[in-house]
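Trainee: I am new to this structure and should be grateful for a close look at a single part of it. Could you please choose one and explain how its residues are placed and what they touch?

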Amino acid sequence: MAALVRALLRALSCQAGVTQWTASCSGLLQTATVQGQCRQMLCGTFQHLSSKDSLQPPEEKVGAFTRIIEAMGFTGPLKYSRWKIKVAALRMYTCCVEKTDYEEFFNRCQMPDTLNSWFLVAQLHVWMCLVRMKQEGRTGKYMCRYIVHCMWEDVEQRGKVMGINSVVLKEDMRSMVENFYAALFGYDEGILSDDHVLAAALWRNLFNRNCEDPRQLELLVEYVRKQVQHLDALSGEDLLLTGEVSWRPLVESNARSILKPLSPVYNDEGL
């Protein structure tokens with residue numbers, strides 16, 4: 001009899017233990033499920049925030065009418081009047097050709113003093129201005145178009161002043177146009193990549209594949225990097241209204257130091 005009672009108690013205790021263990025396990029499973037749902041919600045939130053933060057600035061929003069007329073080749077409404085943008089573009093191009101020490105470029109890079117060498121140095125500075133102005137939306141892109149327009153007019157005028165035959169000048173300009181857009185592609189790739197890619201672009205375009213001194217390439221790579229950083233520090237509004245650009249020297253004692261440039265002064269007319 002005593003043995004039977006002990007057996008019954010043992011069975012009941014085991015059943016209670018199993019019930020308690022089952023309840024505990026179900027509680028743990030529920031807790032784990034809730035924690036898993038919380039983790040999923042948190043991960044989804046963090047992924048949404050990270051993807052939102054990693055997005056590039058949105059393009060400038062334009063209406064359907066503006067998109068239609070621009071698709072037809074016309075220019076839609078801009079932030080400032082077109083004549084102001086054209087004046088600023090002309091001034092920016094003038095800064096590219098008048099504030100650059102071409103003699104120092106020719107001497108340090110061992111380039112011949114020719115119209116083509118002048119153009120190669122000028123197009124490098126024009127490209128850096130285009131890179132900066134493309135960050136200013138549709139108005140900046142319109143300004144880029146007029147900067148390039150000013151450049152080709154200047155090249156043609158210089159060729160005529162130098163007495164180059166009109167047929168020869170036309171062929172030379174056709175070759176310059178092809179080389180210019182090829183250089184833009186190479187420089188864009190170089191500025192977005194490491195110094196090796198940028199050096200290769202400079203070797204192909206600025207030096208015409210004729211550079212055996214790596215120190216010259218190193219000097220030009222450093223020059224481009226610091227100039228792009230210098231232009232990024234300029235106010236976009238000031239550039240759109242004045243087009244005033246300053247250039248850092250080709251050779252500096254402390255080339256890595258970036259000094260914030262002074263803001264240009266302009267009146268209500270944008271002049």
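Mentor: Helices are DSSP runs of H or I with at least four residues, strands are runs of E with at least two, and both are numbered from the N terminus. On that basis, the elements of the protein chain run α-α-α-α-α-α-α-α-α-α from the N terminus on, giving 10 helices and zero strands. Please bear in mind that this is a predicted model. Of the 271 residues in the protein chain, 36% are buried. Among contacts with a separation of 6 or more, 69% join residues 24 or more positions apart.

The part I have chosen is the surroundings of Leu250. This residue is found in the segment after α10, which covers 236–242. Its relative accessible area is 3%; Leu250 therefore counts as buried, since the limit for that class is under 20%. Along the chain, Leu250 and Thr100 are 150 residues apart, yet their C-alpha atoms are separated by 9.1 Å. Leaving aside residues up to four places away in sequence, Leu250 touches Glu104, Phe105, Arg108, Leu219, Tyr223 and Lys226.

Two of these neighbours, Glu104 and Arg108, are themselves paired. They form a salt bridge in which the closest N and O atoms are 3.4 Å apart. Both residues belong to helix α4 (residues 102–109), and because they are four residues apart there, about one helical turn separates them. Arg108 is partly exposed, with a relative accessible area of 43%, and Glu104 is partly exposed as well, at 22%. Leu250, by contrast, is buried, although it touches both of them.

A third neighbour, Lys226, also takes part in salt bridges: it is linked with Arg248 and Glu252 in a network. The structure as a whole holds 10 salt bridges.

Some of the others may be set beside the pair in α4. In helix α6 (residues 137–161), Asp154 and Arg158 are likewise four residues apart and separated by about one helical turn. Their side chains meet at 3.0 Å, N to O. Here Asp154 counts as buried at 17% relative accessibility, whereas Arg158 is partly exposed at 31%. In helix α7 (residues 166–192), Glu171 and Arg174 are three residues apart, again about one helical turn, and their salt bridge spans 3.8 Å from N to O. Glu171 is partly exposed at 43%, and so is Arg174, with a relative accessible area of 44%.

Helix α7 also offers a view of how two helices meet. Two packed helices are described by the angle between their axes and the distance between the axes. For α7 and helix α8 (residues 195–205), the angle is about 165 degrees and the axes are 7 Å apart. Angles over 145 degrees count as roughly antiparallel, and α7 and α8 are therefore roughly antiparallel to each other. The crossing of α7 past α8 is left-handed. Residues of α7 in this contact include Ala182, Ala183, Gly186 and Tyr187, while those of α8 include Val197, Leu198, Ala201 and Leu202. By class, the contact has eight nonpolar, four polar and two charged residues.

To return to the chosen part, Leu250 is buried and touches residues that include Glu104, Arg108 and Lys226.

Key:
Residues numbered from 1 in each chain as written. Predicted model: local features only at pLDDT ≥ 70, side-chain atom pairs only at ≥ 80, totals over all residues. Heavy atoms only, no water. Salt bridge = Lys/Arg side-chain N within 4 Å of Asp/Glu carboxyl O. Buried < 20%, exposed > 50% of the residue type's maximum accessible area, 1.4 Å probe, protein only. Axes fitted to C-alpha atoms, helices over the stretch in contact; angles between N-to-C directions. Parallel < 35°, antiparallel > 145°, perpendicular 65-115°, else oblique. Left-handed = near helix turned anticlockwise from the far one by under 90°. Contact = heavy atoms within 4.5 Å. Nonpolar A, V, L, I, M, F, W, Y, C, P; charged D, E, K, R; others polar.
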